[in-house]
Amino acid sequence: MPETALDLTLDAARLTAQLVDFPSESGAEKPLADAIETALRALPHLTVDRYGNNVVARTNFGHAERVVLAGHIDTVPIADNPRNVPSRLDDDGVLWGCGTCDMKSGVAVQLRIARTVTAPNRDLTFVFYDNEEVAAHLNGLGHVADAHPDWLEGDFAILLEPSDGQVEGGCQGTLRVFLKFSGERAHSARAWMGDNAIHKAAPTLARLAEYEPRKPFVDGLQYYEGLNAVRIEGGVATNVIPDACTVVVNFRYAPDRSMEEAEQFVREYFADCGVEEFVVDDHTGGARPGLDHPAAVAFMAAVGGEARPKYGWTDVSRFSALGVPAVNYGPGAPLLAHKADERVQTAEILRAEERLTAWLAS
């Protein structure tokens, strides 16, 4: 177990190591949430609130704009790998450990800015939340949004998820549906006595093979939609004609579609494929990047590079639902998240701290 106090005088790279040394798998974030709350309450320019294991700190200088910096404090389960806990810094400036990339390096940047930017040019809100890596109904940001939406008010939000230090605007929505077909069982030696439910799914699979992805531009970023079968369930035994089949379809859609429009599109796309039952299993909407907002324009000028679309789903969607345009921006390579050999370049962490500080303190 690490020291119970966080040292916010450390630079963001060394603070990342300290955060990694607090094991905080989803559902076990309380010690880290306690440490974050204690560290933030020691800063007189912040008002600090807590809801469960979610900590929100805010400045209240009366500026015309408010920027929200958000990050989750949980990690996936620690792999059986000695590199994961405690953290380890190698000779090449690479910090190893569970959560280094996803996303304790981003959380460290948040904490450093909370301590060092005491007179920001915009009012700031810092959100540290639990249970991001598990089921959506457990997500701490969602709980705060439901119980205290006023805590999350802002003009622009940045989720410090790993993005290779590049701005990734908004996110796509994701819809998962079950397309169900029924038949009649029979012995496979007398197949004519039954009705093969798996065969009935053939038109749906053919329609999926014909799909041409839509590639719309949203706020200057080009998204790439996808409609795919991700699982097929059916069959009783190798000598039985199946009486049921389900094709699981995932639709990743651009943030210019509403949730209602996305579902309507999928229903209409398979309307003549013989689907007997259409079941929505999971659905979360996308988020527009809002890169034309003045705060976003200033942010892009400060951090540099060209904004990229976020093809996956992230919690920026929750800010979008609250009317707050949001982007993803943080140190670390997304492809290293959740890996047994998770790691991050310390130079990336320091660069993110420097750029965000320059933007908010100028």
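His338 sits in the loop between strand 18 (326-328) and strand 19 (343-345), and that loop residue has a positive phi of about 75° although it is not a glycine. Keep in mind that this is a predicted model. The protein has 10 helices and 19 strands, and 51% of its 362 residues count as buried. Here's a quick tour, starting with the overall picture and then moving on to a helix, two pockets, a few individual residues and some backbone oddities.

**Overall picture**

- Taken along the principal axes, the C-alpha atoms fill a box of roughly 80 × 45 × 40 Å.
- Look at contacts between residues at least 6 apart in sequence, and 77% of them join residues at least 24 apart.

**Helix 7 and its two sides**

- Helix 7 covers residues 259-269, and Ala262, Val266 and Tyr269 are buried there.
- Those three span an arc of only 70° around the axis, which puts them on the same side of helix 7.
- A bit of background helps here: an α-helix has 3.6 residues a turn, so residues three or four places apart point the same way.
- Flip to the other side of helix 7 and you'll find Glu260 and Glu268, both exposed.
- What do the buried residues of helix 7 pack against? Their partners are helix 6 (202-210) plus four strands: strand 9 (173-182), strand 13 (226-234), strand 15 (244-253) and strand 16 (277-284).

**Phe278, in strand 16**

- Phe278 belongs to strand 16, and it counts as buried because its relative accessibility is 18%, against a cut-off of under 20%.
- Leaving aside residues up to four places away in sequence, Phe278 touches Val177, Phe178, Leu179, Glu263, Val266 and Arg267.
- Val266 in that set is one of the buried residues of helix 7.
- Pro242 is 36 residues from Phe278 in sequence, and their C-alpha atoms are 19 Å apart.

**The two largest pockets**

- The largest pocket has a volume of about 600 Å³.
- It has 27 lining residues, and the closest to its centre are Glu132, Glu133, Trp313, Thr314 and Asp315.
- Strand 9, strand 15 and strand 16 each put at least two residues into the lining of the largest pocket.
- By class, that lining splits into 8 nonpolar, 9 polar and 10 charged residues.
- The second largest pocket holds about 170 Å³ of space.
- Its lining is made of 13 residues, with Met259, Gly285, Gly286, Ser317 and Ala321 nearest the centre.
- Which element gives the most to the lining of the second largest pocket? That's helix 9, with 3 residues.
- Strand 16 also pitches in, since strand 16 and helix 9 (316-321) each supply at least two residues of this second lining.
- The class split for the second largest pocket is 4 nonpolar, 7 polar and 2 charged.

**Gln110, in helix 3**

- Gln110 is part of helix 3 (residues 100-116).
- Is Gln110 buried or exposed? It's buried, because its relative accessibility is 0%.
- A polar atom of the Gln110 side chain lies 3.0 Å from the backbone oxygen of Leu69.
- Leu69 is also among the residues that Gln110 touches beyond four places in sequence, along with Ala70, Gly71, Phe126, Val127, Phe128 and Leu160.

**Thr9, ahead of helix 1**

- Thr9 lies in the segment before helix 1 (12-20) and counts as partly exposed, at 48% relative accessibility.
- The Thr9 side chain makes a polar contact with the side chain of Asp7, at 2.5 Å.
- Not counting residues up to four places away in sequence, Thr9 touches Arg112 and Arg115.
- Thr9 and Thr116 are 107 residues apart along the chain, yet 8.7 Å separates their C-alpha atoms.

**Backbone spots to check**

- For reference, most residues other than glycine have a negative phi, and most peptide bonds are trans.
- Going from Asp102 to Met103, the peptide bond is cis, with omega near -10°, and Met103 lies in helix 3.
- Asp164, another residue other than glycine, has a positive phi, near 60°.
- You'll find Asp164 in the loop between strand 7 (156-159) and strand 8 (168-169), where it's partly exposed with a relative accessible area of 37%.
- Back at His338, the relative accessible area is 45%, so this residue is partly exposed.

Note on methods. Residues are numbered from 1 along each chain as its sequence is written. Side-chain values use heavy atoms; hydrogens and water are left out. Buried means under 20% relative accessible area, exposed over 50%, partly exposed in between (1.4 Å probe, protein chains only). The arc is that of the directions from the helix axis to the C-beta atoms. Contact means heavy atoms within 4.5 Å. A polar contact is a pair of N or O atoms within 3.5 Å; within protein, one must be able to donate a hydrogen and the other to accept it, and residues adjacent in sequence count only if both atoms are side-chain atoms. On a 1 Å grid over the protein atoms alone, a cavity is a set of points where a 1.4 Å probe fits but cannot get out, and a pocket is an open set with protein on both sides within 12 Å along at least five of seven lines; lining residues have an atom within 4 Å of a point. Grid points are joined across faces, edges and corners, and a volume is the space filled by probe spheres set on the points. Ala, Val, Leu, Ile, Met, Phe, Trp, Tyr, Cys and Pro count as nonpolar, Asp, Glu, Lys and Arg as charged, and the others, Gly among them, as polar.
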